[in-house]
Amino acid sequence: MSVESDTRTTGQQTSTAERPDGFQEIDVLWISEGMSCDGDTVSVTAAAQPAIEDVVLGLIPGLPKVNLHNKVLSPSLGGEHFLAPFRAAARGELGPFILVIEGSIPNQNIIEGEGFWTSFGMDEETGQPLTLNWWLDHLAPRAWAVVGAGTCATYGGIHAMAGNPTGCMGLADYLGWDYTSRGGLPIVNIPGCPVQPENFMETLTWLLYHAAGSAPPPPLDHMLRPQWLFGKTVHEGCDRAAYYEQADFAKDYNSPKCQVKVGCWGPVVNCNVPKRGWMSGIGGCPNVGGICIGCTMPGFPDAFMPFMDEPAGGSLSSLLIKPYGAFIRRMRGITNVAVNRETKWRHNKAELTSGYDPYWRSETDARSN
Ligand code: SF4
Ligand code: SF4
C-alpha cells in the first residue's frame, strides 16, 4: 500500500506566512518532558547521515548555524542555564526556532488543580511546575517549525493506549491538525518507537535547508509524515518478502523465512526501516528476526495487539497466496536445478575434451622432488 496519492504539499503555505529569507542562525528547542522515555534522543545519537554533531558543529555546507538545546545532547550547566533559551522563546525574545517535542502530551484538564502530569522547569512567580502543555501553549504559536520526534509525540504511542489515565495525545491532536507554524509549515511528524535516527536527522536537515532558503518545504502525507520516508510499507522493503511470495512461512522466531504467521504486520505498515536499517544500514526489524508491530503507525499500539499473534488480515492473505506460492516455489526449485548446470555444449564431460595437458605440471613436481 502506498500513501503517495494522499500527500499534503506544504509548498503553497509558505507564501502566505513568514518566509525564511535565508536564516543565518536558528535554535532547536527540544523538549522531552512529555510522556517519554527519552528513547528518541538516545536514538538520534546513532545517526550518521548526517550525525547531529556534524549539524551542530557546522560541518554540513549550506545550513544555518544551529544552536541545539536538548537536555542530553547540548552542553549546558543545567537548571536555569539550560532553561534560559526556552524562557526567552516563551517571552517572544528568541527567534527563529524549531520546536522538537518528544513524548506524548497528557490532558491536563483531567486533573486541573490537583497536580501535574508533566513538569519542565518552575514558574518563577508561583514556584509551581510548568507543564508541557504550558510550554506548548507559549512556544507553538512562536515556533518557526514544530517537529514531533517519535510515535508518542506524533500520535500518542504507548502512553495513549486505551484505558490510560492521562488522556494523552500526539501533537496534532493537541495543537489541531490544521496548525501552521510561523514558517508556514504544518506539524512535521516523524514517528517510530523510537524514531529511526536518520529519518529524524534527514528531515531536520531538510527543514534547516528550507530555513536557509535553499530548499522547498518537506512534502508530507495526510498524517503529516515525510512522504519520501513513509510512502512505502515494511513489506515492500523487507529482505524476507520473497519467502512471502512463495508462501514459505516461519513457524517460530528462529527461522529466516517470512514471519507473517508469527505476528508480522509489515504488509500494512508504513515504515522504511527494513530498507534503511537501524544503525549504519544494519538491522531493520523483520530483516533481523523481529516482527513488525507497527510502531510508526497512528493506531499503535492498540490496533496491533496482541503482539506476536498472526494478524487477521495476514491469515487471509497467507491462505490465498498458499496455492500460488507452493506451486511457484516448486517450479522455481526445478528451474533452479536446471540453471545450476553448464549448458551441454560446454566441455563439462567426465572425460577432458579441453586440450588441457598436465605434462608440464608433472615435470615441475618431478623437479621439486
Ligand atoms: S517478515 Fe513481515 S514484512 Fe517481511 S515479508 Fe514477511 S510479512 Fe512481509
Ligand atoms: S519495521 Fe515495524 S516495528 Fe520496526 S520500526 Fe518499522 S514500524 Fe516499527
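This report walks through the sheet, helices, cores and a few odd spots of a predicted model.

## Before we start

Since the model is predicted, local features are described at pLDDT of at least 70 and side-chain atom pairs at pLDDT 80 or more, while totals for chains, interfaces and linings use all residues. Residues count from 1 along each chain as its sequence is written, chains are lettered from A and ligands numbered from 1 in the order in which they are written, and side-chain values use heavy atoms, leaving out hydrogens and water.

Helices (H or I, at least four residues) and strands (E, at least two) are DSSP runs, numbered from the N terminus.

## The sheet

Let's begin with the strands. Five of them, in the order β3-β2-β4-β5-β6, make an open sheet of 5 strands with parallel pairing; two strands pair if DSSP finds at least two bridges between them. β3 (65-69) and β6 (188-190) sit at the edges with a single partner strand each, so one side of each has no neighbour in the sheet. From one strand to the next, the twist averages 20°.

Take β2 (residues 25-31): 5 bridges tie this strand to β3, and the two run parallel. Across that pairing, V28 stands opposite L68 in β3.

## Helices on the sheet

Helix α3 (residues 79-90) packs on the sheet, touching β2, β3 and β4 (97-102), where contact means heavy atoms within 4.5 Å. The direction of α3 makes about 105° with that of β2. For such angles, axes are lines fitted to C-alpha atoms (for helices, over the stretch in contact), and values run from 0 to 180 degrees between N-to-C directions. Helix α7 (residues 197-211) lies across β2, β3, β4, β5 (145-149) and β6, and runs at about 160° to β6.

Then there's α4 (residues 132-139), with L132, N133, W135, L136 and L139 buried. Buried means under 20% relative accessible area, exposed means over 50%, and partly exposed is in between (1.4 Å probe, protein chains only). Looking down the axis of α4, these buried residues fall within an arc of 160°, so they line one face of the helix; the arc is that of the directions from the helix axis to the C-beta atoms. They pack against β2, α3, β4 and α6 (171-175).

## Nonpolar cores

A nonpolar core here is a set of buried Ala, Val, Leu, Ile, Met, Phe, Trp, Tyr and Cys residues joined through side-chain atoms within 4.5 Å. The largest one has 29 residues, and I98, W144 and F200 touch the most other members. Elements giving two or more residues to this core are β2, α2 (52-56), β3, β4, β5, β6 and α7. The largest share, 6 residues, comes from α7.

Apart from that core lies another, of 27 residues, including L130, L139, Y179 and L224.

## Cysteines and backbone oddities

Searching the whole structure turns up 0 disulfides, a disulfide being a pair of cysteine sulfur atoms within 2.5 Å. For C152, the nearest cysteine sulfur belongs to C193 and is 5.4 Å away. C152 counts as buried at 12% relative accessibility, and C264 does too, at 9%.

C193 also joins P194 through a cis peptide bond, with omega about 0°; P194 lies in the loop between β6 and α7. Another cis peptide bond links M305 and P306, with omega about -5°. P306 is in the loop between α10 (273-276) and α11 (312-339), and so is S280. Though not a glycine, S280 has a positive phi of about 50°, and its relative accessible area of 62% makes it exposed. D38, also not a glycine, has a positive phi of about 65° and is found in the loop between β2 and α1 (39-44).
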